[in-house]
Amino acid sequence: FVANRQAGRQAGRMLKLNCAVQNYAWGKVGKESEVAKLFASGSNEEIDEGKPYAELWMGTHASGPSTIAEPAGKYPPKTTLKEWIGANESALGDVLLKRFGGKSGLPFLFKVLSVQTALSIQAHPHKALAESLHAERPHVYKDDNHKPEMTLALTDFEALSCFVSHAELHTAIIKVPELA
């Protein structure tokens, strides 16, 4: 997931992560869930056939931080990805590092969803409002990042949403090469 970079060059070492799972009621249950399968393959945990597996989170969010699964140099297993990035900021690449810094972790949360039923409508604040809300009420707003979303379907999926236009997506990919 995260490659270590030294002096602007890839060192070629990928870190295996243990990722968090969110068991929201709308998720697919047991082995019907792609999230459950991914989680079990990475964690060696058994899939609970009675439990919904809605989201697999890969990132530094406080409500479900990823941890390093294997020793990575001086970093023991269970080191959080946020701790590792804080000590290896150049792994983010120049664009993200310059724009967001590294001490706060990743400026995005990568999720895999396994949806059984319709989701509620969600509204996310822009970056400045997210920072303000987090500063005022960190117990409610767990991080200071906005929540831009991109959907890539791994299996059959139906969605009704306000997606960005092709031109807006193209511009975002040009401005943030890490999205490409």
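A polar contact, as the term is used on this tour, is a pair of N or O atoms within 3.5 Å, where one atom must be able to donate a hydrogen and the other to accept it. With that in mind, and remembering that the model in the viewer is predicted, begin by selecting E55 and W57, whose side chains are joined by a polar contact of 2.6 Å.

**The whole chain**

Before going further into that region, zoom out and colour the model by secondary structure, which shows five helices and nine strands. Tracing the chain from its start, you will pass the elements in the order β-β-β-β-β-α-β-β-β-α-α-β-α-α. Of the 180 residues in the protein, 31% are buried, and the accessible surface comes to about 11900 Å², with 55% of that area belonging to carbon and sulfur atoms. If you count the contacts with a separation of 6 or more, 52% of them are accounted for by residues 24 or more positions apart.

**Stop one: the nonpolar core**

Next, select Y53, L56, L81 and W84, which touch the most other members of the largest nonpolar core, a group of 23 residues. To see where the core is drawn from, highlight α1 (34-43), β7 (55-58) and α2 (81-87), each of which supplies at least two of its residues. Which of the elements gives the largest share of this core? It is α1, with four residues. As general background, nonpolar side chains in soluble globular proteins tend to be buried together.

**Stop two: E55 and its surroundings**

Return now to E55, which is found in strand β7. Is this residue buried or exposed? E55 counts as buried because its relative accessible area is 5%, and the cut-off for that class is under 20%. Show the residues around E55, leaving aside neighbours within four places in sequence, and you will find it in contact with A20, V21, Q22, Y24, W26, V35, K111, V112 and L113.

Among these contacts, K111 deserves its own selection, since E55 forms a salt bridge with K111 in which the closest N and O atoms are 3.5 Å apart. The pair links distant parts of the chain, with E55 in strand β7 and K111 in strand β9 (residues 110-113), 56 residues apart. The two partners fall into separate accessibility classes: E55 is buried at 5%, whereas K111 is partly exposed, with a relative accessible area of 35%.

Two other contacts of E55, Y24 and W26, can be selected together. A search of the whole structure finds one aromatic pair, and it is formed by Y24 and W26, in a tilted arrangement with 5.8 Å centre to centre and 35° between the planes. Within this pair, Y24 is partly exposed at 31% relative accessibility, while W26 is buried, with a relative accessible area of 17%.

**Stop three: the salt-bridge network**

The structure holds four salt bridges, and the next place to look is helix α4 (residues 127-136), which contains K127 and E131. K127 forms a salt bridge with E131, the closest N and O atoms being 3.5 Å apart. Why are these two residues about one helical turn from each other? They are four residues apart in helix α4, so about one helical turn separates them.

Keep K127 selected and add D144, because the side chains of K127 and D144 also meet in a salt bridge, at 4.0 Å from N to O, which ties together parts that are 17 residues apart in sequence, K127 lying in helix α4 and D144 in the loop between α4 and α5 (166-175). K127, E131 and D144 are thereby linked in a network of salt bridges. In terms of accessibility, K127 is partly exposed at 23%, E131 is partly exposed at 37%, and D144 is partly exposed at 27%.

**Stop four: L109**

To finish, select L109, which sits in the loop between α3 (94-100) and β9 and is partly exposed, with a relative accessible area of 25%. Not counting residues up to four places away in sequence, L109 touches W57, M58, G59 and H61; W57 is the residue whose side chain makes the polar contact with E55. If you then add G64, you can check that its C-alpha atom and that of L109 are separated by 9.9 Å, although the two residues are 45 residues apart along the chain.

Terms used. Residues are numbered from 1 along each chain as its sequence is written. This is a predicted model: local features need pLDDT of at least 70, side-chain atom pairs count only at pLDDT 80 or more; totals for chains, interfaces and linings use all residues. Side-chain values use heavy atoms; hydrogens and water are left out. Buried means under 20% relative accessible area, exposed over 50%, partly exposed in between (1.4 Å probe, protein chains only). Contact means heavy atoms within 4.5 Å. Accessible areas come from the Shrake-Rupley method with a 1.4 Å probe; for residues, only the protein chains shown count as cover. A nonpolar core is a set of buried Ala, Val, Leu, Ile, Met, Phe, Trp, Tyr and Cys residues joined through side-chain atoms within 4.5 Å. Rings of Phe, Tyr and Trp (its six-membered ring) pair if their centres lie within 6.5 Å; planes under 30 degrees apart count as stacked, over 60 as edge-to-face and the rest as tilted.
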